[in-house]
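Work through the two exercises below. Keep the sequence and the 3D view open beside you.

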Amino acid sequence: MGVSEQNVEFPSGEGTAHGYLELPPRGSGPGLVVIQEWWGLTSHIADLTRRFAAEGFVALAPDLYGGATTHDGAEAMRLMQELPVDGAARDLAGAVDHLLGRPEVTSATVGVVGFCMGGAFVLTLAAQQGERVSAAVPFYGLPDVGATDYSGLRAAVQGHYAIRDRITREAVEATAEKIREQSGVEADVRFYEADHAFVNDERPSYDEASATAAWSAAVAFLKQHVR
């Protein structure tokens with residue numbers, strides 16, 4: 001078990017959450033919530049947060065595990081299964097509040113991007129937060145297709161998924177259809193000839209070509225919609 005990267009704390013319901021915050025080179029910019037994989041707030045997620053900040057965003061990655069990280073699959077599964085969904089929702093809502101309240105954030109809305117487990121949280125958070133989230137970008141993560149209500153979603157959606165993954169193309173397309181039916185939003189869903197977690201350059205599944213293409217598309221999309 002490792003220790004997560006943290007450099008900021010913010011209110012979460014009646015308590016306090018922690019996270020990793022990076023400012024852009026010019027010191028201000030639109031707000032972006034970066035949601036972790038099931039490994040925790042690892043060096044990879046901190047690196048992605050810095051990369052988004054370098055692109056001009058005030059980027060905040062909430063620590064949903066309260067400090068724990070792991071590189072072991074069984075341990076990651078346990079951490080994810082033990083994560084209280086209502087607690088995660090509070091921390092993520094708190095991250096949105098924190099960004100929109102920071103003087104460095106120039107946007108009236110935030111974008112949300114997440115990976116693996118975080119990709120699933122992207123869509124549920126966007127549905128819960130309504131007009132406060134203007135762009136939702138999930139990477140290879142999907143909430144329960146039947147249980148998620150997207151009627152409150154107002155964000156533009158761009159999803160990035162692997163062809164070779166336990167998350168099937170059929171499930172992704174069913175989710176896009178449900179989003180369309182319930183919110184009227186046409187999700188831009190993209191598939192890559194790669195494996196799950198193809199952006200994670202700390203894992204064997206990393207695919208440089210797919211990661212580069214997806215990153216460029218995601219950054220352009222976020223810059224277009226988060227204002």
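Two exercises follow, one on a pocket and one on a helix pair.

This is a predicted model, where local features need pLDDT of at least 70, side-chain atom pairs count only at pLDDT 80 or more, and totals for chains, interfaces and linings use all residues. Residues are numbered from 1 along each chain as its sequence is written, and side-chain values use heavy atoms, without hydrogens and water.

**Exercise 1.** Describe the largest pocket and its lining.

Step 1. Take the volume: about 480 Å³. A pocket here is an open set of points on a 1 Å grid over the protein atoms alone, where a 1.4 Å probe fits, with protein on both sides within 12 Å along at least five of seven lines.

Step 2. Find the centre. Of the 22 lining residues, the closest to it are Met80, Met117, Ala120, Phe121 and Leu142. Lining residues have an atom within 4 Å of a point.

Step 3. Assign elements. α2 (73-82), α3 (85-101) and α4 (117-129) each give two or more residues. The largest share, six residues, comes from α4. Helices are DSSP runs (H or I, at least four residues), numbered from the N terminus.

**Exercise 2.** How do α3 and α4 pack?

Step 1. Read the geometry. The angle is about 65 degrees, and the axes lie 11 Å apart. Axes are lines fitted to C-alpha atoms over the stretch in contact, and angles run from 0 to 180 degrees between N-to-C directions.

Step 2. Classify. α3 and α4 are therefore roughly perpendicular, a class that covers 65 to 115 degrees.

Step 3. List the contact (heavy atoms within 4.5 Å). α3 brings Ala88, Ala89, Leu92, Ala93 and Val96. α4 brings Phe121, Leu125, Gln128 and Gln129.

Methods:
Grid points are joined across faces, edges and corners, and a volume is the space filled by probe spheres set on the points. Angles under 35 degrees count as roughly parallel, over 145 as roughly antiparallel, 65 to 115 as roughly perpendicular and the rest as oblique.
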